[in-house]
Amino acid sequence: MTSPLPAAGPSPFAPLLALAGLLFAAACAGESADADPAPSAQTEIPCPDDAEGVSILGAWVRATSNANGMTAAYFNVCNHGREAIEIVSASTPIAGAVELHETSRSAGGVVSMRPISSLPVAAGGAARLAPGGAHLMLMRLAGEIAAGDSVPLTLTLSNGETVDVAATAKAREATAH
Ligand SMILES: [Cu+2]
């Protein structure tokens with residue numbers, strides 16, 4: 001996939017905002033193209049027994065050379081508490097905005113993606129953010145994200161607490177186009 005942005009130098013925000021719809025569509029297509037065709041075989045999430053509160057496991061961000069563009073972040077969430085919680089927002093210093101998104105595939109195989117207001121995690125339960133499903137969409141990136149980079153994420157929970165996690169950037173795997 002190539003950048004939808006024109007090959008220009010630093011540009012003001014106005015053209016970027018005008019392109020926001022296009023960028024969104026491109027990011028959605030890129031996200032869904034990596035959808036795992038059979039994720040149901042690995043739905044078990046190994047949560048640590050000795051943890052408290054909320055723990056975040058295996059956080060990673062898809063590396064991208066598209067500065068000013070978008071990418072997605074994924075992780076597993078374990079809720080060790082006795083109360084259900086929701087992830088209600090997220091932020092990172094390297095992106096202008098972060099949204100919670102859900103990718104779904106219709107019975108006819110049509111993949112679509114939409115913002116969701118929160119991501120619930122049951123008491124004693126877990127949730128998985130993974131390609132083809134829920135993810136964080138990092139938008140208006142401050143620059144490129146190279147494989148191996150560490151991306152700091154701050155998650156805000158419905159109880160007002162925040163959780164900091166470092167996500168490791170990984171290259172897009174086996175992409176031919
Ligand atoms: Cu998305």
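In strand S8, Ala134 is the bridge partner of Glu102. This pairing belongs to a predicted model, in which local features need a pLDDT of at least 70, side-chain atom pairs count only at pLDDT 80 or more, and totals for chains, interfaces and linings use all residues. Residues are numbered from 1 along each chain as its sequence is written. Helices (H or I, at least four residues) and strands (E, at least two) are DSSP runs, numbered from the N terminus.

The Glu102–Ala134 bridge sits in a longer ladder: strand S4 (95-105) and strand S8 (134-141) are joined by 7 bridges, and they run antiparallel. Two strands count as paired here if DSSP finds at least two bridges between them. S4 also pairs with strand S5 (residues 111-115), again in the antiparallel sense, over 5 bridges. Within that pairing, His101 has Pro115 in S5 as its bridge partner. S4 and S5 make a hairpin with 5 residues between them, and Gly109 in the turn shows a positive phi of about 90 degrees.

Arg114 also lies in S5. Apart from neighbours within four places in sequence, Arg114 is in contact (C-beta atoms, placed from the backbone, within 7 Å) with His101 and Glu102. The C-alpha atoms of Arg114 and Glu102 are 5.6 Å apart, although the two residues are 12 apart along the chain. Arg114 counts as exposed because it has 11 C-beta neighbours inside 10 Å. The cut-offs behind that label are simple: a residue is buried if 20 or more other C-beta atoms lie within 10 Å of its own, exposed if 12 or fewer, and partly exposed in between, with C-beta atoms placed from the backbone.

Stepping back to the whole protein chain, there are 2 helices and 10 strands. Their order along the sequence is α-α-β-β-β-β-β-β-β-β-β-β, with the two helices ahead of the strands. Of the 177 residues, 24% are buried. Among contacts with a separation of 6 or more, 71% are between residues 24 or more positions apart.

Strand S3 (residues 85-91) has two antiparallel pairings to report. One is with strand S6 (residues 119-121), through 3 bridges, and here Ile87 stands opposite Leu119. The other is with strand S9 (residues 150-157), over 4 bridges, and here Ser89 has Thr156 as its bridge partner.

Ile87 turns up again in the largest nonpolar core, which has 29 residues. Such a core is a set of buried Ala, Val, Leu, Ile, Met, Phe, Trp, Tyr and Cys residues joined through C-beta atoms within 7 Å. The members touching the most other members are Ala73, Ile87, Leu136, Leu138, Leu153 and Ala167. Two or more residues each come from S1, S2, S3, S4, S6, strand S7 (126-129), S8 and S9. S2 gives the most, with 5 residues. As a rule, nonpolar side chains in soluble globular proteins tend to be buried together. Leaving out residues up to four places away in sequence, Ala73 touches Ala59, Val61, His135, Leu136, Leu138, Leu153 and Ala167.

The loop between strand S1 (54-62) and strand S2 (71-79) holds Ala67, and Asn68 lies there too. Ala67 is partly exposed because 14 other C-beta atoms lie within 10 Å. Beyond its neighbours within four places in sequence, Ala67 is in contact with Leu141, Gly143 and Glu144. Its C-alpha atom is 5.8 Å from that of Leu141, a residue 74 positions away along the chain. Asn68 is partly exposed as well, since 19 other C-beta atoms lie within 10 Å.

Most residues other than glycine have a negative phi. Asn68, which is not a glycine, has a positive phi of about 75 degrees. Arg140, in strand S8, also has a positive phi, near 55 degrees. With 18 C-beta neighbours inside 10 Å, Arg140 counts as partly exposed.

A word on confidence: pLDDT is the predictor's confidence in each residue, from 0 to 100. The protein chain averages 81, and 72% of the residues score at least 70. Over residues 5-27 the pLDDT is below 50, and this stretch has 12 contacts in the model beyond near neighbours in sequence. Residues 32-42 are also below 50, with 13 such contacts. Where pLDDT is low, the predicted coordinates should not be read in detail.

Key
Two residues are in contact if their C-beta atoms, placed from the backbone, lie within 7 Å.
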